[in-house]
Amino acid sequence: MKVLVSDPIAEDGIKILKEAGLEVIIKTGLSKEELIEELKKGIEAIIIRSATKVTADVIEAAPNLKVIARAGTGLDNVDIDAANRKGIVVMNCPGGNTVSAAEHTIAMLMALARNIPQATASMKAGKWEKKKFMGREVNGKTLGVIGVGRIGSIVADRAKGLKMRVIAYDPFVNPEQAAKIGIEVVSLDELLAQADFITIHVPLTKETKGFISKEKFEKMKDGVMLIHCARGGIVNEADLYEAMVSGKVAGAALDVFEQEPPPPDYPLFKLENFICTPHLGASTLEAQKNVALAVASQVVDYLIHGVVRNAVNMPSVSAELLP
Ligand code: 3PG
């Protein structure tokens, strides 16, 4: 049975696939046409991260595909309806990279508050500019967390350790439960009006596409700072640019973009108070090992034992029932 690994995953996962007797083909950075050609060669499972776009036409062109497995969480790069039509299981590995994503958010928060990337670039250019890079403390400031699921709740927990006041907007959260871990649940308008720093932790869906746009920026506190490590497309980046130029937003840190990678003439690159990383939220040794081990064992369980786990489009057995 052939498995195509089309985005880089940790070697630990490849080892599990091979030890189970699967034929592993590792080809990353494929164009859509190249991906379709590969899938026509008897591929039964594809393991992806966020770079591979498994669109409807890719799925239609894959005659033997049984499972699309995401070494990570987000599945907005997979056409799940198209997979459903062909009876293809779509699975992810929730949990394996949540701490990494949350820690990256905190790193971005601190880097933004203290101008660390800008000061580094300035020093490397031979300058010693203490006054220019005056920062601000996060101690006692209000962090607004939009979405307090797996990642947002860890961000909130870590921010409490930094002595921030944490408020959250999440229509799906139980306010009493949130209060137990020190999170005050508020309306979206309250969050936008009160937060000194805002961080977003929701998936990209039809409802969240373009969610943070001009009208939301207008409701934010003057001088707010925005951190976004969730998924490109949730923040309207043209509106963010305008909000930064006007001074409404004093700084922004993005790890994810509407277009990845962004084009070289990307407007936000021109702003000194804009910092960024290339979708690194889950890029730690620990998280990559976790998700590679998880995705490989899930693919083996399905292809060899017929057991479905962590599927988003089919009933899964409880992990506790597995040997
Ligand atoms: C995820 O959805 O798991 C994260 O955004 C990580 O994406 P990546 O595996 O492409 O780095």
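**Exercise 1.** What percentage of the 323 residues in the protein do buried residues make up?

*Solution.* The structure is a predicted model, in which local features need pLDDT of at least 70, side-chain atom pairs count only at pLDDT 80 or more, and totals for chains, interfaces and linings use all residues. Residues are numbered from 1 along each chain as its sequence is written. A residue is buried if 20 or more other C-beta atoms, placed from the backbone, lie within 10 Å of its own. Buried residues make up 42% of the 323 residues.

**Exercise 2.** Determine the strand order of the open sheet and its edges.

*Solution.* Strands are DSSP runs of E of at least two residues, and helices are runs of H or I of at least four, numbered from the N terminus. The protein has twelve of each. Two strands pair if DSSP finds at least two bridges between them. Seven strands, with parallel pairing, follow the order β8-β7-β6-β9-β10-β11-β12. The edges are β8 (184-185) and β12 (274-276), each of which pairs on one side only.

**Exercise 3.** Describe how β10 is joined to β11, and which helix lies across β11 and β12.

*Solution.* Strands β10 (residues 224-228) and β11 (residues 249-254) run parallel and are joined by five bridges. Ile-227 has Ala-253 of β11 as its bridge partner. Helix α11 (residues 237-245) lies across β11 and β12, at about 145 degrees to β11; such angles run from 0 to 180 degrees between N-to-C directions, with axes fitted to C-alpha atoms, for helices over the stretch in contact (C-beta atoms, placed from the backbone, within 7 Å).

Definitions and conventions: Buried ≥ 20, exposed ≤ 12 C-beta atoms within 10 Å, placed from the backbone. Contact = placed C-beta atoms within 7 Å.
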